[in-house]
Every structure is written in structure tokens, then in C-alpha cells.
Amino acid sequence: MTILITGATGNIGGELIQHLLSKNVPIRGLVRDLKKGAKLSERGIELAQGDFSQPESLDVALQGIEKAFLVSSSLPNQVELECNFIEAAKRTGVKHIVKLSVMGAGELPSTFQKWHREIEVQLEQSGIAWTHLQPNMLMQNIRWFTETIAQNGAFYNCVGDAKISHVDARDVAAVAAVCLTEVGHENISYVLTGDKAITFNEVADILGKALGRSVNYVDLPPADLKAARLANGEPEWYLDAELELCACWKQGAGSVVNDTIAQITNKKTTSYEEFAQYYTQTILN
């Protein structure tokens, strides 16, 4: 049984492939550019060229596939794109889709959460067995601030002293691997969190210890944060959606903690301290 992985060269998709390789599961990676998937091909992974905006390419990529992992970038037409994949999966007889969603989908008044819930509903109504993975903020998102940490010893947001149960993308991928290879996870939504909820000031302290130098968290008014990132070239629609989510976090929506990752994977959930060591030794090098 070959499993199709979308986002095969991405953050979670790449980690998921690692887990599936360790289980000796046949994998087909969906990529838009075969050249970007060259390293996967060198490792013996079958590649399929496809684009969510081109349903006919998805029909070809999904031939002979029973299970698939669905993830896409945050784009203004994300709902349409992921639903294109779901429709193609229906046409080609896919039996189970594990979808990467977000914590609070359909519950929080945030654009990202609304979009993901729309996609979840489409999947639930498709007749295909589904599993929704709903992680909190990924620890790997700190990479967005690598440059400012290096240059200024600081990173910036607007959530005040709100506590967030950051989750390691590697743990999310481990859960996805279990859901794709073992029975009993069909038609279930899993909220995935880190082992504890911490403030960004605590994150700064943890990163500082791992880096061996001072790191500070700077809290900015939302308008100032938006203006700075607009000047850096980020799209306004994305910043508006992110600030909606930040407002939810500031009100405590990101502080939920559970042990779902440990229950599903039978392994301890990665702490931010452990991630910080990985970040300094791997991501920064």
C-alpha cells in the first residue's frame, strides 16, 4: 500500500517521510517541481508531479493510492486548493486522508481556523475516512525570527504574556505516521499540543540558554508589528489573518495542554528545551 504525501519537501511532510521510511512503507511524494524533489528521489521515494490548482494532475498522482496526507501552504485560495485534492481523492478511490489542520478550527474567530474548518467539513462529507490533526503553534515557526535573533538578539510578536503550548513539527509528523499506518484513527480529530504552555519571554530564555547568549522577546502593538512586516514584504491578507490569531492567543486560546501526542506515539512529547537544542544544532547549521 503506497501512501501519498503532499508537501513532501516541506516541514511536516518531510518529517513524515522520515517516519514512514523507518516503517518501510512505500511512499509517493507529491511535488510541483520534480527538481526540488530530487533528494527524495535519490532516497528511492517515488515522485509524482502535481499542483492543487490543476485537478487533472492530482488524478494522475493519486492513481493506486489508498491513503494520503493532506497539507498545503497558507494561501488566499487555500480552501479551494485543498478541496480540489479531496475531490480528486474521491474520483480515484482514496480510502483515508489525514489532514493537517489547526487547533481551534471552527471554534476561534480567526481566518485560518475558519478556512481549515471549511476544508474539514468538505472532507467529512466526502465519504472518505478522515483524520484531522489540529496542532497548536509549531515550535519550528521560530525560524521566522532567525535573522532578527542573529542581528538584534530579539524576536517580535504582539501576544503579551499569553501562554502557548507550542508543539514540535516532528511530533506532529510522528502522529501522522501512526494515523496513516495503523487502524483506529479514522474519523477522529486530534488536538496536538506541547507538554506545557509557556510565554514568549520563557521561549526567549530557553533559546538564549541554548544559544549561549541573550535573546529577548519584544512585544509590539499589533499595528506596529503589521507595519514592520509589511515593510519587509509580507502580504497584508496574511498579516491580518495572523493578527486575528494573535488576538485569540492573547486571550488564552493557545494555552490548552494535553497528552495526545504521547498517547498516540507512545513517546514523550518534545519539550521546548529539547527543541531549542535541535534548533541550534540543526536548523541554524
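Begin by selecting strand E2 (residues 27-31), which is mostly covered, since 5 of its 5 residues are buried; buried here means under 20% relative accessible area, with exposed over 50% and partly exposed in between, using a 1.4 Å probe and protein chains only. Strands (E, at least two residues) and helices (H or I, at least four) are DSSP runs numbered from the N terminus. The model is a predicted one, in which local features need pLDDT of at least 70 and side-chain atom pairs count only at pLDDT 80 or more, while totals for chains, interfaces and linings use all residues. Residues are numbered from 1 along each chain as its sequence is written, and side-chain values use heavy atoms, with hydrogens and water left out.

Staying on E2, colour the two faces separately: Ile 27, Gly 29 and Val 31 lie on one side, Arg 28 and Leu 30 on the other, and all of them are buried. Next add E1, which pairs with E2 in the parallel sense over 3 bridges; two strands are taken to pair if DSSP finds at least two bridges between them. Ile 3 has Ile 27 of E2 as its bridge partner.

**The whole sheet**

Now widen the selection to the open sheet of 7 strands, whose order is E3-E2-E1-E4-E5-E6-E8 and whose pairing is parallel. At the edges stand strand E3 (46-49) and strand E8 (188-192), each with a single partner strand, so one side of each is left without a neighbour in the sheet. From one strand to the next the twist averages 20°, where axes are lines fitted to C-alpha atoms, for helices over the stretch in contact, and angles run from 0 to 180 degrees between N-to-C directions.

Return to strand E1 (residues 3-5) and look at its side towards strand E4 (residues 67-70), where 3 bridges join the two parallel strands. Leu 4 stands opposite Ala 68 in E4, and Ile 5 stands opposite Phe 69 in E4. Which residues of E4 point one way, and which the other? Lys 67 and Phe 69 point one way, Ala 68 and Leu 70 the other way, and all are buried. E4 is in turn joined by 4 bridges to E5, again in parallel, and the bridge partner of Leu 70 in E5 is Lys 99.

**Helices on the sheet**

Select helix H4 (residues 78-92), which packs on the sheet and touches E1, E4 and strand E5 (96-100), with a direction that makes about 175° with that of E4; contact means heavy atoms within 4.5 Å. Then select H5, which lies across E5 and strand E6 (129-135) and runs at about 160° to E6.

**Aromatic pairs**

With H5 still shown, turn to the rings, since the structure holds 12 aromatic pairs. Rings of Phe, Tyr and Trp (its six-membered ring) pair if their centres lie within 6.5 Å, and planes under 30 degrees apart count as stacked, over 60 as edge-to-face and the rest as tilted. The centres of the Phe 112 and Trp 115 rings are 6.1 Å apart with the planes at 75°, so this pair is edge-to-face. Phe 112 and Trp 115 are 3 residues apart in helix H5 (residues 111-124), which separates them by about one helical turn, and both are buried. Adding Trp 237 and Tyr 238 to Phe 112 and Trp 115 completes one aromatic cluster.

Move to helix H12 (residues 272-283), where Tyr 272 and Phe 275, being 3 residues apart, are separated by about one helical turn. Tyr 272 and Phe 275 form an edge-to-face pair, 5.5 Å centre to centre with 80° between the planes, and both residues are buried. Tyr 278 is worth displaying too, because Arg 170 lies over the face of its ring at 3.7 Å from the ring centre. A charge sits over a ring if NZ of Lys or CZ of Arg is within 6 Å of the ring centre and within 35 degrees of the ring normal.

**Cysteines and a glycine in a loop**

Select the cysteines next: the count comes to 0 disulfides, a disulfide being a pair of cysteine sulfur atoms within 2.5 Å. How far is the sulfur of Cys 158 from the closest cysteine sulfur? The distance is 4.1 Å, to Cys 246, too far for a bond. Cys 158 is buried, with a relative accessible area of 4%, and Cys 179 counts as buried at 0% relative accessibility.

End at Gly 153, in the loop between helix H6 (146-152) and strand E7 (154-157). Gly 153 is buried, with a relative accessible area of 10%. Leaving aside neighbours within four places in sequence, Gly 153 is in contact with Thr 148, Ser 214, Val 215 and Asn 216.
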